[in-house]
Amino acid sequence: MKNVDDLIESAAELAERGLSKGEIADELNVSRETASWLVDRSGAADARPDLVEDRSSPGGPHDIHVDWSAVGRDSNRLTHAAAAMADLLSKEGEEVDLTIGIEKAGAPLATVVARELDTDLGAYAPAKHQWEEGDIDDLGGSFSRNFAGIRDRECYVVDDTITSGTTMRETVSAVREEGGEPVACCVLVDKQGIDAIDGVPVFSLINVVQVGDGEEG
(Lines give C-alpha, C1' and ligand atoms only; values in the text may rest on other atoms or scores of the structure.)
Protein backbone atom coordinates (compact mmCIF):
# COMPACT_ATOMS: atom_id res chain seq x y z
CA MET A 1 0.00 0.00 0.00
CA LYS A 2 1.49 3.29 -1.12
CA ASN A 3 -0.93 6.02 -0.04
CA VAL A 4 -4.08 6.88 1.89
CA ASP A 5 -6.33 6.06 -1.08
CA ASP A 6 -4.96 2.51 -1.07
CA LEU A 7 -5.66 2.25 2.66
CA ILE A 8 -9.22 3.51 2.19
CA GLU A 9 -9.81 0.94 -0.55
CA SER A 10 -8.39 -1.85 1.62
CA ALA A 11 -10.53 -0.76 4.57
CA ALA A 12 -13.63 -0.92 2.37
CA GLU A 13 -12.76 -4.43 1.18
CA LEU A 14 -12.19 -5.65 4.73
CA ALA A 15 -15.44 -4.09 5.95
CA GLU A 16 -17.36 -5.72 3.12
CA ARG A 17 -15.86 -9.07 4.14
CA GLY A 18 -17.42 -8.59 7.57
CA LEU A 19 -14.33 -7.80 9.64
CA SER A 20 -14.83 -5.81 12.83
CA LYS A 21 -13.23 -2.41 13.38
CA GLY A 22 -10.61 -3.99 15.57
CA GLU A 23 -9.75 -6.61 12.95
CA ILE A 24 -9.48 -3.90 10.29
CA ALA A 25 -7.13 -1.92 12.52
CA ASP A 26 -5.10 -5.08 13.05
CA GLU A 27 -4.93 -5.95 9.36
CA LEU A 28 -3.85 -2.44 8.34
CA ASN A 29 -1.53 -1.86 11.32
CA VAL A 30 -3.28 1.36 12.31
CA SER A 31 -5.11 2.61 15.39
CA ARG A 32 -8.80 1.95 15.99
CA GLU A 33 -9.54 5.62 15.34
CA THR A 34 -7.71 5.47 12.02
CA ALA A 35 -9.54 2.29 11.01
CA SER A 36 -12.89 3.96 11.70
CA TRP A 37 -11.85 7.02 9.72
CA LEU A 38 -10.72 4.94 6.74
CA VAL A 39 -13.95 2.93 6.65
CA ASP A 40 -15.98 6.12 6.95
CA ARG A 41 -14.17 7.69 4.00
CA SER A 42 -14.50 4.53 1.94
CA GLY A 43 -18.28 4.60 1.81
CA ALA A 44 -18.51 1.14 3.34
CA ALA A 45 -19.88 2.82 6.44
CA ASP A 46 -23.13 3.45 4.58
CA ALA A 47 -23.67 -0.30 4.56
CA ARG A 48 -22.21 -0.87 8.04
CA PRO A 49 -22.93 2.16 10.27
CA ASP A 50 -21.59 0.21 13.25
CA LEU A 51 -18.10 0.87 11.85
CA VAL A 52 -18.42 4.65 12.12
CA GLU A 53 -16.92 6.12 15.27
CA ASP A 54 -16.32 9.80 14.62
CA ARG A 55 -17.14 11.91 11.57
CA SER A 56 -15.95 15.13 13.23
CA SER A 57 -12.31 14.88 12.11
CA PRO A 58 -12.18 15.62 8.35
CA GLY A 59 -8.38 15.82 8.37
CA GLY A 60 -8.06 12.33 9.71
CA PRO A 61 -6.36 11.05 12.87
CA HIS A 62 -2.61 11.27 13.43
CA ASP A 63 -1.15 7.87 12.65
CA ILE A 64 1.63 6.05 10.83
CA HIS A 65 0.85 3.13 8.56
CA VAL A 66 3.33 0.25 8.62
CA ASP A 67 3.32 -2.17 5.69
CA TRP A 68 5.53 -5.18 6.44
CA SER A 69 3.90 -7.46 3.87
CA ALA A 70 7.22 -7.86 2.02
CA VAL A 71 8.34 -9.79 5.12
CA GLY A 72 5.04 -11.45 5.93
CA ARG A 73 4.39 -12.93 2.51
CA ASP A 74 7.74 -14.72 2.33
CA SER A 75 8.47 -17.48 4.87
CA ASN A 76 12.24 -17.09 4.51
CA ARG A 77 12.16 -13.34 5.21
CA LEU A 78 9.72 -13.78 8.06
CA THR A 79 11.93 -16.45 9.61
CA HIS A 80 14.96 -14.16 9.52
CA ALA A 81 13.01 -11.22 11.00
CA ALA A 82 11.56 -13.37 13.79
CA ALA A 83 15.00 -14.86 14.49
CA ALA A 84 16.26 -11.31 15.05
CA MET A 85 13.38 -10.76 17.47
CA ALA A 86 14.36 -13.96 19.28
CA ASP A 87 17.89 -12.62 19.58
CA LEU A 88 16.55 -9.48 21.27
CA LEU A 89 14.69 -11.64 23.78
CA SER A 90 17.37 -14.25 24.37
CA LYS A 91 19.03 -12.52 27.31
CA GLU A 92 15.76 -11.77 29.13
CA GLY A 93 14.86 -14.22 31.88
CA GLU A 94 16.47 -17.48 32.92
CA GLU A 95 13.54 -19.89 33.05
CA VAL A 96 11.31 -18.74 30.19
CA ASP A 97 9.70 -21.75 28.55
CA LEU A 98 6.74 -20.19 26.72
CA THR A 99 6.30 -17.71 23.86
CA ILE A 100 2.85 -16.17 23.36
CA GLY A 101 1.87 -14.79 19.96
CA ILE A 102 -0.85 -12.16 19.74
CA GLU A 103 -3.23 -13.11 16.94
CA LYS A 104 -3.32 -12.67 14.06
CA ALA A 105 0.01 -11.37 12.81
CA GLY A 106 1.96 -12.06 15.97
CA ALA A 107 1.30 -15.80 15.80
CA PRO A 108 3.66 -16.72 12.91
CA LEU A 109 6.38 -14.50 14.37
CA ALA A 110 5.96 -16.15 17.78
CA THR A 111 6.17 -19.60 16.18
CA VAL A 112 9.65 -18.85 14.89
CA VAL A 113 10.69 -17.16 18.13
CA ALA A 114 9.54 -20.22 20.08
CA ARG A 115 11.57 -22.49 17.83
CA GLU A 116 14.67 -20.30 18.08
CA LEU A 117 14.49 -20.08 21.88
CA ASP A 118 13.25 -23.64 22.42
CA THR A 119 10.02 -22.72 24.21
CA ASP A 120 6.43 -23.87 24.02
CA LEU A 121 3.95 -21.79 22.05
CA GLY A 122 0.81 -19.98 23.19
CA ALA A 123 -1.69 -17.81 21.31
CA TYR A 124 -3.84 -14.90 22.50
CA ALA A 125 -6.81 -13.36 20.64
CA PRO A 126 -7.16 -9.73 21.82
CA ALA A 127 -10.41 -8.00 22.65
CA LYS A 128 -10.16 -5.69 19.63
CA HIS A 129 -11.04 -8.56 17.31
CA GLN A 130 -14.55 -8.42 18.79
CA TRP A 131 -14.76 -4.64 18.81
CA GLU A 132 -17.65 -3.22 16.81
CA GLU A 133 -19.07 -0.48 18.99
CA GLY A 134 -18.97 0.71 22.58
CA ASP A 135 -15.97 0.67 24.87
CA ILE A 136 -13.32 -1.93 24.13
CA ASP A 137 -12.59 -2.08 27.87
CA ASP A 138 -15.91 -3.88 28.29
CA LEU A 139 -14.67 -6.74 26.11
CA GLY A 140 -12.17 -9.48 26.84
CA GLY A 141 -9.65 -11.50 24.88
CA SER A 142 -8.88 -15.20 25.19
CA PHE A 143 -6.06 -17.74 25.05
CA SER A 144 -6.42 -20.57 22.56
CA ARG A 145 -6.72 -24.01 24.14
CA ASN A 146 -5.05 -25.50 21.08
CA PHE A 147 -1.73 -24.19 22.34
CA ALA A 148 0.28 -24.32 25.57
CA GLY A 149 -1.19 -23.30 28.92
CA ILE A 150 -0.02 -20.23 30.84
CA ARG A 151 -0.26 -20.92 34.57
CA ASP A 152 2.95 -20.83 36.64
CA ARG A 153 5.12 -20.15 33.59
CA GLU A 154 7.44 -17.31 32.60
CA CYS A 155 6.84 -16.17 29.04
CA TYR A 156 7.66 -13.84 26.18
CA VAL A 157 4.93 -11.92 24.35
CA VAL A 158 5.30 -11.35 20.60
CA ASP A 159 3.35 -9.19 18.14
CA ASP A 160 4.00 -7.43 14.86
CA THR A 161 3.29 -3.77 15.70
CA ILE A 162 2.67 -1.55 18.70
CA THR A 163 0.31 1.24 17.66
CA SER A 164 -0.99 2.61 20.96
CA GLY A 165 0.14 -0.11 23.37
CA THR A 166 -3.42 -1.12 24.27
CA THR A 167 -3.23 -4.66 22.90
CA MET A 168 0.17 -5.40 24.42
CA ARG A 169 -0.95 -4.03 27.78
CA GLU A 170 -4.11 -6.15 27.60
CA THR A 171 -2.06 -9.28 26.84
CA VAL A 172 0.40 -8.67 29.68
CA SER A 173 -2.55 -8.29 32.06
CA ALA A 174 -4.26 -11.42 30.68
CA VAL A 175 -1.08 -13.48 31.16
CA ARG A 176 -0.89 -12.40 34.80
CA GLU A 177 -4.58 -13.14 35.35
CA GLU A 178 -3.92 -16.68 34.06
CA GLY A 179 -1.14 -17.12 36.60
CA GLY A 180 1.78 -16.59 34.23
CA GLU A 181 4.61 -14.10 34.40
CA PRO A 182 5.47 -12.02 31.29
CA VAL A 183 9.23 -11.46 31.21
CA ALA A 184 9.60 -9.42 28.01
CA CYS A 185 7.69 -8.31 24.91
CA CYS A 186 8.96 -7.96 21.36
CA VAL A 187 7.54 -6.52 18.12
CA LEU A 188 8.74 -5.80 14.63
CA VAL A 189 7.76 -2.13 14.79
CA ASP A 190 6.97 0.13 17.75
CA LYS A 191 5.13 3.29 16.71
CA GLN A 192 5.19 4.65 20.26
CA GLY A 193 8.79 4.09 21.36
CA ILE A 194 7.63 2.26 24.50
CA ASP A 195 10.40 0.97 26.76
CA ALA A 196 8.15 -1.00 29.11
CA ILE A 197 4.50 -1.89 29.70
CA ASP A 198 3.36 -2.43 33.28
CA GLY A 199 6.93 -3.21 34.31
CA VAL A 200 7.63 -5.58 31.41
CA PRO A 201 10.43 -4.47 29.02
CA VAL A 202 9.50 -3.99 25.37
CA PHE A 203 11.92 -4.60 22.50
CA SER A 204 11.47 -3.86 18.80
CA LEU A 205 13.46 -4.23 15.61
CA ILE A 206 12.29 -0.78 14.46
CA ASN A 207 11.19 2.28 16.44
CA VAL A 208 9.14 4.90 14.58
CA VAL A 209 9.38 8.48 15.83
CA GLN A 210 6.70 10.93 14.71
CA VAL A 211 8.07 14.43 14.25
CA GLY A 212 5.66 17.36 14.08
CA ASP A 213 2.21 18.22 15.41
CA GLY A 214 -0.11 15.64 16.88
CA GLU A 215 0.30 12.55 18.96
CA GLU A 216 -0.23 8.92 18.12
CA GLY A 217 -3.75 7.61 18.82
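A residue is called buried when its relative accessible area is under 20%, exposed when that area is over 50%, and partly exposed in between. The tour below applies these words to a predicted model.

**The whole chain**

Begin with the complete chain in a cartoon view. The chain holds 7 helices and 7 strands. Read from the N terminus, its elements follow the order α-α-α-α-α-β-α-β-β-β-α-β-β-β. The chain has 217 residues, and 47% of them count as buried. If a surface is then displayed, about 10700 Å² of the chain is exposed, with carbon and sulfur atoms supplying 43% of that area. Among contacts between residues at least 6 apart in sequence, 66% join residues at least 24 apart.

**Stop 1: the N-terminal helix**

Select residues 4-16, which form helix α1 and include glutamate 9. Next, show the side chains of Asp5, Glu9, Glu13 and Glu16; these residues gather in a patch of negative charge on the surface. Glutamate 9 has a relative accessibility of 47% and is therefore classed as partly exposed.

**Stop 2: the network around arginine 153**

Select Asp97, Asp120 and Arg153 together. A network of salt bridges links these residues. Side chains of opposite charge can pair when their charged atoms come close.

Take the pair of arginine 153 and aspartate 97. Their salt bridge has its closest N and O atoms 3.3 Å apart. This pair links distant parts of the chain: aspartate 97 belongs to strand β1, arginine 153 to the loop between β3 (142-143) and β4 (154-162), and 56 residues separate them.

Then turn to aspartate 120, which also forms a salt bridge with arginine 153; here the closest N and O atoms are 2.6 Å apart. Distant parts of the chain are again linked, with aspartate 120 in strand β2 and arginine 153 in the loop between β3 and β4, 33 residues apart.

Is arginine 153 buried or exposed? The relative accessible area of arginine 153 is 16%, and buried means under 20%, so arginine 153 counts as buried. Aspartate 97, at 32% relative accessibility, falls between the two limits and is therefore partly exposed. Aspartate 120 is likewise partly exposed, because its relative accessible area is 39%.

**Stop 3: a pair in sequence**

Select arginine 115 and glutamate 116. Their side chains meet in a salt bridge with an N to O distance of 3.7 Å. Arginine 115 counts as exposed, because its relative accessibility is 56%. Glutamate 116, at 41%, counts as partly exposed. The count of salt bridges comes to 5.

**Stop 4: backbone features in three loops**

Hide the side chains and inspect the backbone at glutamate 103 and lysine 104. The peptide bond joining these two residues is cis, and its omega is about 5 degrees. Lysine 104 sits in the loop between β1 (96-102) and α6 (106-117).

Continue to aspartate 118, in the loop between α6 and β2 (120-125). Although aspartate 118 is not a glycine, its phi is positive, at about 55 degrees. Aspartate 118 counts as exposed because its relative accessibility is 70%.

Then select aspartate 198, which lies in the loop between β6 (196-197) and β7 (200-207). What is the phi of aspartate 198? It is near 50 degrees, a positive value in a residue other than glycine. Aspartate 198 has a relative accessible area of 43% and so is partly exposed.

**Stop 5: helix α7**

Finally, select residues 166-177, which make up helix α7. Which residues does threonine 167 contact, leaving aside its neighbours within four places in sequence? They are Ile102, Pro126, Lys128 and Asp159. Threonine 167 lies in helix α7, and it is buried because its relative accessible area is 13%.

Glutamate 177 is also found in helix α7. It counts as exposed because its relative accessibility is 64%. To close the tour, draw a distance between the C-alpha atoms of glutamate 177 and isoleucine 150: these atoms are separated by 9.6 Å, while the two residues are 27 residues apart along the chain.

Conventions:
Residues numbered from 1 in each chain as written. Predicted model: local features only at pLDDT ≥ 70, side-chain atom pairs only at ≥ 80, totals over all residues. Heavy atoms only, no water. Patch = residues over 30% accessible without salt bridge, like charges linked within 9 Å, V, L, I, M, F, W, Y side chains within 5 Å. Areas by Shrake-Rupley, 256 points an atom, 1.4 Å probe, with all protein chains shown as cover. Salt bridge = Lys/Arg side-chain N within 4 Å of Asp/Glu carboxyl O. Lys, Arg positive; Asp, Glu negative; His and termini not counted. Charge placed at Lys NZ, Arg CZ, Asp CG, Glu CD. Helix = DSSP H or I, 4+ residues; strand = E, 2+ residues; numbered from the N terminus. Buried < 20%, exposed > 50% of the residue type's maximum accessible area, 1.4 Å probe, protein only. Contact = heavy atoms within 4.5 Å.
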